[in-house]
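Let's work through a few short exercises on how a protein holds its ligands. Have the model open and try each task before you read the solution.

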Amino acid sequence: MSELPLPRHVAIIMDGNGRWAKQHKIKVALGHRKGVETLRAIIRESSDLGIEALSLYAFSTENWRRSPEEVSALMGLLLEFFSSEIDELDEKNVCIRILGDKEGMPPAQREALINAEKRTGKNTGLKLNIAINYGGRAELARAARRLAEKAVKGEIRPEDIDEDALSRELYTAGLPDVDLLIRTSGEMRLSNFLLYQCAYAEFDFPTVLWPDFDLNAYHEALRAYQHRDRRFGGRNS
Ligand code: IPE
Ligand code: IPE
Ligand code: MG
């Protein structure tokens, strides 16, 4: 990795588990299981590289539309992930935050998510955000609702509602905006992920499927980011 600055905040849409399973003629659940291995490696590497924040899209509000078998396989993997990884993540000083509606999750999963946040909340290393039952539009509607509630209670004046006030009501409150958004599998869309936070993100769409996204592929995306010319509407000379 060159000396050029790394992104402060990397967001990843982990896509392609289904196609990977199909390619290997195995059940989709096994594709997701393989995807969890990739996720472990990418979290570890992000922490080792000193990246400040990593946001992973694990389950969208639209993913409930999948078959009950697939949804239940994903819910099972979620529990497995937290019970097998929490010790190591805590040891690595990783601070876990869940982006999304925990209330809409089944009780066991909800409890695991709340425990993970509680247990690692004071850690000062990698800020690991896992988006589960997450939708960008739902997040924005929730922020508007919370601001309206504050206004009704007289805690905030409508004229004080600016970009900062709105961003403080998002799940990502206090985190820097996304610098680099990676979506694997060649799909080039946001699928309702971090709509507000990606306003000036650099996008990278590697064609590799998520289970095959290895450290080389991750480094390549980071290197490509380091050579992007970010202008934020201004001019760089
Ligand atoms: C991404 O892989 C994982 C989740 C959405 C949970 P997909 O399951 O969407 O994989 P494809 O897009 O069908 O290949
Ligand atoms: C986005 O992927 C959600 C996650 C990776 C968790 P999808 O595979 O669900 O998105 P679409 O349906 O292709 O847009
Ligand atoms: Mg997909």
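**Exercise 1. Find which backbone atom comes within 2.9 Å of an oxygen atom of ligand 1, then look for side chains that do something similar.**

Step 1: look at Gly18, where a backbone N or O atom lies 2.9 Å from an oxygen atom of ligand 1. That's a polar contact (a pair of N or O atoms within 3.5 Å; within protein, one must be able to donate a hydrogen and the other to accept it, and residues adjacent in sequence count only if both atoms are side-chain atoms).

Step 2: move on to side chains. An N or O atom in the side chain of Asp15 is 2.9 Å from an oxygen atom of ligand 1, and for Arg66 the distance is 2.7 Å.

Step 3: check the cover. On its own, ligand 1 exposes 380 Å², and the protein buries 82% of that (accessible areas by the Shrake-Rupley method with a 1.4 Å probe; for residues, only the protein chains shown count as cover).

A word on the ground rules: this is a predicted model, where local features need pLDDT of at least 70 and side-chain atom pairs count only at pLDDT 80 or more, while totals for chains, interfaces and linings use all residues. Residues are numbered from 1 along each chain as its sequence is written, chains are lettered from A and ligands numbered from 1 in the order written, and side-chain values use heavy atoms, leaving out hydrogens and water.

**Exercise 2. Work out which helices supply at least two residues each of the shell around ligand 1.**

Step 1: list the shell (residues with a heavy atom within 4 Å). Among its members are Met14, His32, Ala58 and Glu70.

Step 2: match it to helices (DSSP runs of H or I, at least four residues, numbered from the N terminus). The two are H1 (17-23) and H3 (68-91), and H1 gives the largest share, 3 residues.

**Exercise 3. Find polar side-chain atoms that approach an oxygen atom of ligand 2.**

Step 1: start with Arg189, at 2.8 Å.

Step 2: add Asp15, at 3.2 Å, and Arg183, also at 3.2 Å.

Step 3: check the cover here too. Taken alone, ligand 2 exposes 390 Å², of which the protein buries 77%.

Step 4: see what else is around. The shell of ligand 2 includes Tyr57, Phe59 and Ser191.
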